[in-house]
Amino acid sequence: MLANRLKDAAGVAVRGFLMGSADVVPGVSGGTVALVTGIYQRLVGTISTGSKALAAFLKGDIRRGFEGLRAVDWLFLLPLIAGAAAAILTLARVIERLLHDQPIRMAAVFLGLIMGTIVVAWRILRSPESTHAVVAGGVGVVAFFVFGFQSSLASDPALPVYFVSGALAICAFILPGVSGSFLLLSIGMYQPVIGAVNDRDAVVLAVFGLGAVVSLAIFSQFLDRVLQRHHDMVTAALIGLMLGSIRILWPWPNGLGDEAGLGATVLGRPHGDVGIPIVLIIVSAALVVAVSSLAERRARVALPASEV
């Protein structure tokens with residue numbers, strides 16, 4: 001029995017490492033990896049149980065809070081968190097160095113990942129209609145102009161900004177097809193958070209984590225209801241947000257020379273390093289679509305014949 005539990009925990013930790021690896025890269029959803037590796041339903045159930053316990057504590061209902069904590073599948077959750085944390089700590093330094101040394105190519109990778117995610121998100125619409133295309137286009141135009149008013153990198157953000165960032169990032173566990181890293185990137189907080197991880201800044205990471213916990217407790221049930229009732233409209237709006245984010249992911253901002261990357265929001269024509277970035281865009285987009293297709297096949301196989 002103990003050997004089986006240890007084997008299960010080790011398998012969950014490996015899956016957590018894969019999810020953490022995905023979540024640290026903008027455009028790749030850890031939820032998709034969870035689906036591919038067969039733990040998605042268990043993950044959703046654990047998040048739901050944990051969020052109810054957290055909500056009870058925030059309301060001052062200590063007894064219900066502890067009852068909820070006892071109901072959490074800790075033998076699943078703790079190895080998963082450990083694996084994800086190991087991936088984030090391992091990969092954050094690599095990504096930060098690449099962002100510094102290869103800004104154009106990293107921006108190209110991120111752009112390709114987001115483009116692939118747009119394709120995936122459109123495919124998960126349950127009943128695609130022209131209205132959804134209008135919503136996606138409208139949100140995309142608004143986001144494009146809004147992103148133009150800011151630099152893609154926040155400068156020395158205050159602690160409350162990290163709190164809000166954590167609250168937004170955790171929504172990626174609930175919203176389909178969106179990674180926490182993308183949400184951080186869209187508000188200019190991706191590189192500051194990566195830097196905090198690499199610097200082992202305990203205060204910043206604690207504030208970021210607190211934002212995630214509070215958001216999970218307060219908003220997870222609300223977001224779940226919204227997704228159940230307005231799934232396609234929410235997804236269309238997310239597609240628009242991703243379309244607008246092309247402005248902050250474009251590898252060749254105008255007037256920044258060959259060291260552009262994620263440094264500005266003023267679009268320019270491709271110049272300097274062009275060939276390899278274009279290949280990276282195509283390969284990254286194809287990778288996301290391929291992983292999503294694998295997840296869809298895995299999900300269909302897991303369904304009973306009557307539900308397929």
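Reader: Which side chain of opposite charge is nearest to Asp 232, and how far away is it?
Author: This is a predicted model, and in it Asp 232 is buried without a salt bridge. A salt bridge needs the nitrogen and the carboxyl oxygen within 4 Å. The nearest side chain of opposite charge doesn't make that cut: it is 5.1 Å away, and it belongs to Arg 126.

Reader: OK, so what does the side chain of Asp 232 have by way of a polar partner?
Author: Look at the backbone here. A polar atom of the Asp 232 side chain lies 2.8 Å from a nitrogen, and the limit for a polar contact is 3.5 Å. That nitrogen is the backbone one of Arg 126.

Reader: Where does Asp 232 sit, and which residues is it in contact with beyond its sequence neighbours?
Author: Asp 232 belongs to helix α11, which covers residues 202-244. Set aside the neighbours within four places in sequence, and its contacts are Ile 124, Leu 125, Arg 126, Ser 127, Pro 128 and His 132.

Reader: How many salt bridges does the structure hold?
Author: One pairs Arg 42 with Asp 73, at 3.1 Å from N to O. Another pairs Glu 67 with Arg 63, where the closest N and O atoms are 2.7 Å apart. The count for the structure is two.

Reader: How many residues apart in sequence are the parts that Arg 42 and Asp 73 tie together?
Author: Arg 42 is in helix α3 (residues 40-58), while Asp 73 is in the loop between α4 (62-71) and α5 (74-101). Their salt bridge therefore ties together parts whose separation in sequence is 31 residues.

Reader: And about how many helical turns separate Glu 67 and Arg 63?
Author: Both residues are in helix α4, four residues apart. That spacing means they are separated by about one helical turn.

Reader: Is Arg 63 buried or exposed?
Author: Let's take its partner too. Glu 67 has a relative accessible area of 36%, so it counts as partly exposed. Arg 63 has 56%, and the cut-off for exposed is over 50%. So Arg 63 is exposed.

Reader: What about the other pair: what is the relative accessibility of Asp 73?
Author: Arg 42 is partly exposed, with a relative accessible area of 32%. Asp 73 also counts as partly exposed, and its relative accessibility is 27%.

Reader: Zooming out, how many helices and strands are there?
Author: Along the sequence the pattern is α-α-α-α-α-α-α-α-α-α-α-α-α. The secondary structure comes to zero strands and 13 helices.

Notes
Residues are numbered from 1 along each chain as its sequence is written. This is a predicted model: local features need pLDDT of at least 70, side-chain atom pairs count only at pLDDT 80 or more; totals for chains, interfaces and linings use all residues. Side-chain values use heavy atoms; hydrogens and water are left out. Helices (H or I, at least four residues) and strands (E, at least two) are DSSP runs, numbered from the N terminus. Buried means under 20% relative accessible area, exposed over 50%, partly exposed in between (1.4 Å probe, protein chains only). Lys and Arg count as positive and Asp and Glu as negative; His and the chain ends are not counted. A polar contact is a pair of N or O atoms within 3.5 Å; within protein, one must be able to donate a hydrogen and the other to accept it, and residues adjacent in sequence count only if both atoms are side-chain atoms. Contact means heavy atoms within 4.5 Å.
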